[in-house]
Structures are given as structure tokens and as C-alpha cells.
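Visitor: Show me the model, and then let me ask why things are called what they are called.

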Amino acid sequence: MTLLLIVLAGVVLWAGNDWWRRHQRKAWQRQLRVALVLVEREPIDDAAARALRSRAFELERRLNHEYARYARGAAPGHDAFSIVVEGPVASGDDPPRVAEQDVWGLLRHSYALWQWTRRIDRSAAVEWRGYDARVYLVLRPAQADGQAFVEGESEDGGRVGVALADVRDDTLDLALFVAAHELFHTLGASDKYDATGRASFPDGFAAPEQSPLYPQPGAELMARNLPISPTSERPPASLTELFVGAATAREIGWTP
């Protein structure tokens with residue numbers, strides 16, 4: 001009985017510490033260290049991997065630029081994010097996907113995701129480096145004659161996000177945009193698009209106060225598409241079109 005109580009107390013302390021650390025991320029008193037782990041589901045060429053590493057610095061710069069727009073009282077030079085690229089790491093299987101939405105289905109998915117990320121972490125040696133969040137960007141070469149596939153899912157308020165992307169020269173920034181979308185889910189941001197996938201007004205618009213409203217100057221990160229007219233949208237063409245809207249800023253603690 002004593003041993004059981006000790007184990008139970010340890011679990012409670014670990015859970016409490018983990019909750020506190022996740023909660024503290026949204027206080028923005030320190031820079032968040034984010035691992036962007038490149039995972040090769042199929043081999044990609046070295047040039048694409050190098051380009052992703054280079055563009056990850058631009059993603060970090062863009063997210064810090066958006067933070068600075070809201071955190072006007074922050075100390076000069078205080079950046080919100082430090083993104084470290086790990087890998088690429090080869091993986092023989094796809095990351096698990098949520099199949100059932102009930103409690104047991106979600107628990108099974110969480111365990112399967114833990115197993116998958118643990119294998120990747122060991123290969124990339126990222127397990128014990130104190131990252132505040134880890135985003136796994138699962139890559140495969142895009143088909144030359146097909147539409148590139150980019151999507152993701154993540155733990156709401158957790159530490160792990162997963163994005164899947166077909167890689168070619170014109171989709172690298174889009175892949176990183178989706179990785180950032182999943183990162184913000186781990187910080188508590190919600191999706192800003194409707195059931196049809198279109199950006200919701202006003203929260204899913206980068207500049208909902210703009211007149212004329214269209215085209216928008218960029219894509220709100222949690223909406224993912226850039227509205228160019230009342231009836232049409234497109235994916236962001238580059239990371240310069242990444243914007244964090246006011247509602248998302250509130251959800252992740254940038255504003256009251």
C-alpha cells in the first residue's frame with residue numbers, strides 16, 4: 001500500500017508540474033523552444049531538406065514579428081520563439097491518425113502517437129533537450145503532375161503537433177505554415193475556418209477591418225487560406241503572408 005501511494009503521489013506531482021509548465025508557456029515571460037522535426041516518410045533530396053532548414057529561420061522571424069505587433073510592452077529584442085530544426089529522420093510508417101472521437105479512441109490514439117514520436121525522438125536525439133513543443137513535419141516528394149498534399153493534426157494545449165506535406169520547391173513555405181498552425185494548436189489556438197474550409201469572418205481574416213475587405217493582405221494562421229474575394233481563397237504563397245489575428249492572439253495569451 002505504501003509503495004502504491006508513493007507511485008500515485010509521483011504521478012500526481014508529474015501531472016501537476018506538466019500542467020504548470022504548459023500553462024507557463026502562455027505567460028510569454030521567456031522564449032519558447034520549439035523542435036521542428038523533419039521526418040522522411042519517403043526520401044526527399046538533400047536540396048529540399050536544406051531549403052526547409054533555411055526557410056525555418058524565416059518562419060521563426062515571421063512568428064516573432066507577429067508577436068511584436070501585439071506585445072508592445074515586451075523588452076526590445078525579446079523574441080517569442082526559437083525554432084530548432086532536427087533531422088531529417090527516416091520513418092517506415094505514417095503517424096497515427098484519430099479514428100474514433102470517444103474517450104477510449106482518443107486514449108488509443110494518444111498512446112499510438114506517443115509510441116511513434118518516441119521512435120522518432122530517439123533517432124533524432126531530441127528526447128531530453130527541454131523543448132516546450134515538438135512539431136513533426138512528415139515529408140514525401142510531391143508528384144510532378146499532381147496537387148501537393150498538406151495537412152496536420154495536433155494535441156490541443158499539448159506539446160506535440162504533426163503536419164504532413166508533399167515537398168516541392170513551391171510548397172516549402174506552405175508546409176512550414178501548416179507546421180506553425182499545428183504549433184499554435186498546442187498553445188491553445190482554435191481553428192478559424194468553417195465546415196467548408198473557408199476562413200471565418202472576422203476571426204479568420206488577417207485584417208477584418210480593412211476597406212475594401214478583399215483581397216486580404218495575408219492568411220490568418222488558424223484559417224490557413226487567404227481570402228481574395230467573397231467567393232474565392234488561396235493558400236499562402238510565402239511566409240510573408242502569415243498573419244496572427246486578434247482572436248488567435250488572445251487565445252495564446254499575447255493579449256488580454
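Guide: Begin with helix α3: V103, W104 and R122 are exposed residues on the face turned away from its buried side. The model is predicted, so local features need pLDDT of at least 70 and side-chain atom pairs pLDDT 80 or more, whereas totals for chains, interfaces and linings use all residues. Residues are numbered from 1 along each chain as its sequence is written, and side-chain values use heavy atoms, without hydrogens or water.

Visitor: Which residues of α3 are called buried?

Guide: Buried means under 20% relative accessible area and exposed over 50%, with partly exposed in between (1.4 Å probe, protein chains only). In α3 the buried set is G105, H109, L113, W116, T117, I120, D121 and A124. They lie on the same side of α3, because their arc around the axis is only 140°, taken from the directions from the helix axis to the C-beta atoms. An α-helix has 3.6 residues a turn, so residues three or four places apart point the same way.

Visitor: What span is expected of α3, residues 103-124?

Guide: The expected span is 1.5 Å times one less than the number of residues. For the 22 residues of α3 that is 32 Å, and the distance from first to last C-alpha is 31 Å, which is close. After α3 comes A125, with a positive phi near 55°.

Visitor: How do you know that the length of helix α2 agrees with its number of residues?

Guide: Its 25 residues, 46-70, should span 36 Å, and the end C-alpha atoms are 37 Å apart, so the two agree. At its N-terminal end, D45 acts as a cap, with a side-chain oxygen 3.1 Å from the backbone nitrogen of A47. Among the buried residues of α2 are A48, L52, L59, L63 and Y67. Their cover includes β1 (32-40), β2 (81-90), β3 (133-141), β5 (160-167), α4 (172-186) and β9 (242-243).

Visitor: How many helices and strands does the chain have?

Guide: There are five helices and nine strands, each a DSSP run numbered from the N terminus (helices H or I, at least four residues; strands E, at least two). Of the 256 residues, 45% count as buried. Taking contacts (heavy atoms within 4.5 Å) between residues at least 6 apart in sequence, 69% join residues at least 24 apart.

Visitor: Why is T117 called buried?

Guide: The relative accessible area of T117 is 4%, which is under the limit, so T117 is buried. A polar atom of its side chain lies 3.1 Å from the backbone oxygen of W114. Leaving out residues up to four places away in sequence, T117 touches R134, Y136 and V160.

Visitor: Why is R134 classed as buried or exposed?

Guide: With a relative accessible area of 18%, R134 is buried. R134 sits in strand β3, and its C-alpha is 4.7 Å from that of A35, although the two are 99 residues apart in sequence.

Visitor: What makes a polar contact with the side chain of R134?

Guide: The side chain of Y136 does, at 2.7 Å. The limit is 3.5 Å between N or O atoms, one able to donate a hydrogen and the other to accept it within protein; residues adjacent in sequence count only if both atoms are side-chain atoms.

Visitor: Why is the pair of W116 and Y136 given its class?

Guide: Rings of Phe, Tyr and Trp (its six-membered ring) pair if their centres lie within 6.5 Å; planes under 30 degrees apart are stacked, over 60 edge-to-face, the rest tilted. The count by this rule is twelve aromatic pairs. For W116 and Y136 the centres are 5.7 Å apart and the planes at 70°, so this pair is edge-to-face. The pair joins helix α3 to strand β3 across 20 residues, and both partners are buried.

Visitor: Which residues have the most contacts inside the largest nonpolar core?

Guide: A nonpolar core is a set of buried Ala, Val, Leu, Ile, Met, Phe, Trp, Tyr and Cys residues joined through side-chain atoms within 4.5 Å. The largest has 48 residues, and L36, F81, L137 and F184 have the most contacts inside it. At least two core residues come from each of β1, α2, β2, β3, β5 and α4, and α4 gives the largest share, ten. A second, separate core of 15 residues includes V89, W116, A124 and V126. F81 also belongs to an aromatic cluster with W28, Y67, Y70, F184 and W254.
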